[in-house]
Amino acid sequence: MRTKILIALGIAVLAGIGLWLWARQPDVARLTVADVSGTRPTITDPRDQTLPTIRVAKPVGWHHGAMPVPAAGLKVVAFAAGLDHPRWVYPLPNGDVLVAETNSPARKVNNVTSAVASYLLKRAGAGVPSANRITLLRDANGDGVAESRSVLISGLNSPLGMTMLGDMLYIANTDSLVRVPFAVGQTKITARPEIVVRYPGGGNHWARNVIVAPDGKHLYVAVGSSSNIAEDGLDKEENRACILEVDPAAKSFRVFASGLRNPQGLAYEPHSGRLWTTVNERDMLGSDLAPDYMTSVLLGDFFGWPYSYWGGYVDKRVQPERPDLLEYTKRPNFALGPHTASLGLAFAATAKLGARFADGAFVGQHGSWNRVPVSGYKVVFVPFAASGFPATGAKPVDVLGGFLDAQGNAQGRPVGVAVDRAGGLLVADDVGNTIWRLHSAG
């Protein structure tokens, strides 16, 4: 018995030494973020990782008057501070702003993957219980700062996306799309939410977004995968890694587009009227792969997950392979850099931030955990051409930075972005617990 214990201790010590040596030598990027951005990003050979590179900025919050740093010609103010993990914003026609104060649902730690995910959540400042509410912010005098706030509705289940359709407010919980009667101007909802449809919830990618279709008869809901590359089995990914088209009248849905590992932002490009989404791509292929992206989405599109990335680069880790799907795999329109965690998406149609930011899309990049050095942790702008697609040769332009301090700690992490009624850009910061507002310095 004593011998077995000594052997077990020896193995544990060796494993610990091996882990320490691995941690001291993480995979380091050989390309810049810009190299892996744009319509033609550089795609290198993968560097598979049995154990992942882990480098996430330590959350410290905003102190001593520190604030994000806007691009030249812009100013930033705290529209509302002291919130509880605000991740998403939805401006209403009267100028009120709805904020989803939310976080991941409780997770079971039953394997190495879930243990790493739990550690990363805590390390990134997201290891606290979800507030599970929608808060209404009101800027009555129009000075760009909300003077009042009220809990519009609580008791939700890790909500994120919100949208109005008729006299109903639709809210995307992690496991269901619900609706409640709502009139613009209300500050509190007492009605019990009605379930429209249920879909899979939780997992590594728990946050769901929702947007109204142009026909006013359907909604689209973005549902992320539960895993990195379906390592727990494809049966666990049914109706995930996709965008669902919901018929609210019939309370039914169908898969609109698939092969999207973790779609988040949903927005309509104003010139073409096409639906666009931001997508977080796979991990553990090295610090230079695979690029997160934004892309237009049409009915029936398939973007490759889990079998391939960036329009057909095969992920050999996924077995069995599906070469028969390659000819049906669509290449995304624009790469947003490796591991940037690009989440929020808003087009600049009604923004008033100057000529540089008049035609294109704002993207909130929550920031990496699987890259050295870290990437993201800022808001960028992607210039578009009159065609309704990113301009040839375009690269993301920094709009709001300074989320990392001089020591590399995260003072904040941007998530959802939205253009408000006055043309300012609202940015949800779930580590800084603040909604920031960008406006023209002029």
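This passage describes a pocket and the surroundings of one loop residue, Gln186, in a predicted model.

The second largest pocket of the predicted model has a volume of about 650 Å³, and its lining is made up of 22 residues, among which Tyr90, Ile211, Leu266, Ala267 and Leu345 lie nearest the centre. Two or more lining residues are contributed by each of the strands β4 (86-91), β8 (162-165), β12 (209-212), β16 (263-268), β22 (342-347) and β26 (414-419). When the lining of this pocket is divided by class, 18 residues are nonpolar and 4 are polar, whereas charged residues are absent.

Gln186 is placed in the loop that runs between β10 (176-181) and β11 (194-198). The relative accessibility of Gln186 is 27%, and this residue therefore counts as partly exposed, a class that lies between buried, under 20%, and exposed, over 50%. When residues up to four places away in sequence are left aside, Gln186 touches Leu136, Arg138, Leu152 and Pro181. One of these, Leu136, is 50 residues apart from Gln186 in sequence, yet the two C-alpha atoms are 9.1 Å apart in space.

Polar contacts of the Gln186 side chain involve the backbone of residues on either side of Gln186 in sequence. The side chain reaches the backbone nitrogen of Ala183 at 2.7 Å, and a polar atom of the side chain of Gln186 lies 3.0 Å from the backbone oxygen of Lys188.

How values were computed
Residues are numbered from 1 along each chain as its sequence is written. This is a predicted model: local features need pLDDT of at least 70, side-chain atom pairs count only at pLDDT 80 or more; totals for chains, interfaces and linings use all residues. Side-chain values use heavy atoms; hydrogens and water are left out. On a 1 Å grid over the protein atoms alone, a cavity is a set of points where a 1.4 Å probe fits but cannot get out, and a pocket is an open set with protein on both sides within 12 Å along at least five of seven lines; lining residues have an atom within 4 Å of a point. Grid points are joined across faces, edges and corners, and a volume is the space filled by probe spheres set on the points. Helices (H or I, at least four residues) and strands (E, at least two) are DSSP runs, numbered from the N terminus. Ala, Val, Leu, Ile, Met, Phe, Trp, Tyr, Cys and Pro count as nonpolar, Asp, Glu, Lys and Arg as charged, and the others, Gly among them, as polar. Buried means under 20% relative accessible area, exposed over 50%, partly exposed in between (1.4 Å probe, protein chains only). Contact means heavy atoms within 4.5 Å. A polar contact is a pair of N or O atoms within 3.5 Å; within protein, one must be able to donate a hydrogen and the other to accept it, and residues adjacent in sequence count only if both atoms are side-chain atoms.
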